[in-house]
Structures are given as structure tokens and as C-alpha cells.
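Me: I would like to go through this structure and ask how each label is earned. Please set the values against the definitions.

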Amino acid sequence: MTAWRVTAPGPIDTAPVERVTVQIPHPGPGELLVAVHACGVCRTDLHVAEGDLPVHRRGVIPGHEVVGEVVGIGPDTADEFAVGDRVGVAWLRHTCGRCRYCVRGDENLCPDSRYTGWDADGGYAEFTTVPAAFAHHLPSGYSDAELAPLLCAGIIGYRALARAQVPAGGRLGIYGFGGSAHLTAQVALAKGIEVHVMTRGARARELALALGAASAQGAADRPPVPLDSAILFAPVGELVLPALEALDRGGTLSIAGIHLSDIPTLNYQRHLFQERQLRSVTSNTRADAREFLAFAGEHRIDVTTPRYPLGRAADALGDLAAGRVSGAAVLIV
């Protein structure tokens, strides 16, 4: 099969990913073999390719927003899925189920957690595998390309929104407006939240306004109103400061990314006093995924999906790195 491997992690212009021909994987015990139809291009894939995230599996096939069809079932697999089923493969791939974090419902914090496209080969390929216990049923009414970004960009944005603790009818600031942010904004709007967007790209600002944002301005600009909550999607630590300054008293800033550049020195009075909070987001739970996918089934989410054939995966990553992607790029297999 055709696939892309991260052969030499480094800046995207040094060609860290290579197109290769490899054997179709075999599903192990408890696993599904999935024929990939579409795979989202997530910023985390870029972090894996560029080495921002440490190497967990040499030569890994990235991609963790996979929509496909079950074409094989490994031994000792529960019968929740059958050959021919449409299935989603997301970032979270394994947790121990026994540690104190798993037992209390915080499996995203499991020290033994493993991830698709980082610890195990993912969806930049014609076929992939997934433990059936971590595969997802998908809502109807969406194309494969529309569903793919929901499986990470949508899920992690949903958790980031919960962590931001927006009060009912409150004002939410969104910093950065790429694949995850443009989905999260729609969830917030559907919940009656007023959304203000700060992002560097003119096309992204246009998209934000078209989706219903109350305002859109530059990445570090002050929003027109004090914010009850904010989410930082851009992996830029310098934006933590203006985002905290934009919060009203008691406001919360939620940082959605798995990677963030260094945060400059905070000034307690300007950035944290008056009970402002700074919260991180670490992966997600399967419960988050089920809740969000159910929400997407009940509330139509418009997914902006620039599409690339699988053979142009390196171009898609390059466009993402350069800020040329509006919405969530998707590889079509």
C-alpha cells in the first residue's frame, strides 16, 4: 500500500516525510483493519513531522483523523463493529484502564496512554488498524471528508470549550482560527455563546465572520468587549499574555494544543489577578468523543475542508505550516 512515513523529523521544508510502499497491516487481537477513505491533516501531525513532539515510533505513519471502512477484524474482538461498517479512528488509541486517572474517568491523563500517528501507524496510508475499543461510530449526514476533522479537531475543541468554563450566554475569545477553532466556534454559537476571534490570516477572519462570530481581528489585538473565557488554539506562547489581559474578572483561558512555544514572563496584576485562570488541555477521553460526535449528529456543523489526494500529503503539511489552509485540510484516499 501507499503511505507516508516521518523519516527525518525536522522543519517541513527539509522534507521530513517520505512517500513509501509498505505491506498492508494485519489487525491484531481486539483490532480492526480499516480501509482509509479520508484522513484529516492536523497540526499535531505537523508537530510529529517537525520534531516538536519527541519521536515515539521511528518511521511512524502520521494521521489520526481517519474515516474509513472496516475490512478486517482481528481475533478476540468484540462484535460492536462488522466488516463494511463506517468507522472513525481518533488520536487516543490506548489507556490502561486500571490507574487512578482511568478509574476516576480521566483516561486522557493515563501515564500508559498511546496515540494514533505517534505511537502507532496512522491514516496517511491506504489502510490502518485501530483497537475496536477506541474506534468510533460516526454521525450520518456528513461526507467522509467532513467527518475526518471532527475526530480530533472537533473532539479536542469540544474539550477545550468545556475547560474554558464559559458562563451561559457568555463571551468567548478564540485565538487562532484553523481546523479545530472553526469547529469549536460553531459549537459555542449553537450553545448561545458570543464568539470573538483573534487570528493572523485575513481568510480565517472572513471565515469566522461568515460562521457567525461577533468580531474578528488580528492575533494579538484586543477584542471589542471583555471576555468571560478564551481558548488559545494557535501554538504561540506569546499569545497567552494578550489573551489573559482580554479576560474579564474571573475569566478562564484554556490552551487547546499539545505543543506550545514558550510563554513570556507573566505580570501577576495584569494577567492573573482578579481570579483569572489558565488551564491546559491534555488529549481527550472517549466520553468526550462520544458526546461531541452525538452533538455533531444533532447540530449540523459546517466543516471547511480543503482537500488533497493522499499523494500530496507533504504539500498539505507545508500549506498548514505556512498558514495557507483555511479550515481543516483533508487527505482523500
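**Labels and their reasons**

Reply: To begin, Val 197 has Ala 216 in β12 as its bridge partner. The model is predicted, so local features need pLDDT of at least 70 and side-chain atom pairs count only at pLDDT 80 or more, while totals for chains, interfaces and linings use all residues. Residues are numbered from 1 along each chain as its sequence is written, and side-chain values use heavy atoms, with hydrogens and water left out.

Me: What makes β11 and β12 a pair?

Reply: Two strands pair if DSSP finds at least two bridges between them. Strand β11 (residues 194–198) and strand β12 (residues 215–217) have 3 bridges, in the parallel sense, so they count as paired. Met 198 stands opposite Gln 217 of β12. The names of strands (E, at least two residues) and helices (H or I, at least four) come from DSSP runs, numbered from the N terminus.

Me: How do you know that β10 and β11 pair?

Reply: Strand β10 (residues 171–175) is joined to β11 by 5 bridges, so the requirement of at least two is met, and the two strands run parallel. Gly 173 has His 196 in β11 as its bridge partner.

Me: Why is the crossover from β10 to β11 called right-handed?

Reply: The chain goes from β10 through helix α5 (residues 179–190) to β11. A crossover is right-handed if, with the strands pointing away from the viewer, the path from the first strand over the helix to the second runs clockwise; this β-α-β crossover is therefore given that label. Another right-handed β-α-β unit is made by β11, helix α6 (residues 202–211) and β12.

Me: Why is β11 described as mostly covered?

Reply: In β11, 4 of the 5 residues are buried. Buried means under 20% relative accessible area, exposed over 50%, and partly exposed in between (1.4 Å probe, protein chains only).

Me: What makes β12 and β15 edge strands?

Reply: The open sheet has 6 strands in the order β12-β11-β10-β13-β14-β15, with parallel pairing. β12 and β15 (277–280) each have a single partner strand, so one side of each is left without a neighbour in the sheet. From one strand to the next, the twist averages 20°.

Me: Why are α1 and α10 called roughly perpendicular?

Reply: Helix α1 (residues 43–50) and helix α10 (residues 313–321) pack at an angle of about 100°, and their axes are 10 Å apart. Axes are lines fitted to C-alpha atoms, for helices over the stretch in contact, and angles run from 0 to 180 degrees between N-to-C directions. Angles under 35 degrees count as roughly parallel, over 145 as roughly antiparallel, 65 to 115 as roughly perpendicular and the rest as oblique. The angle of about 100° lies within 65 to 115, so the label is roughly perpendicular.

Me: Which residues make that contact?

Reply: Arg 43, Asp 45 and Leu 46 of α1 meet Leu 317, Leu 320 and Ala 321 of α10, where contact means heavy atoms within 4.5 Å.

Me: Is Asp 76 buried or exposed, and how do you know?

Reply: Asp 76 lies in the loop between β4 and β5. Its relative accessibility is 74%, which is over 50%, so Asp 76 is exposed. Asp 76 also has a positive phi of about 60°, although it is not a glycine.

Me: Why is Gln 274 called partly exposed?

Reply: The relative accessible area of Gln 274 is 29%, which falls between 20% and 50%, so the label is partly exposed. Gln 274 sits in the loop between α8 (268–272) and β15.
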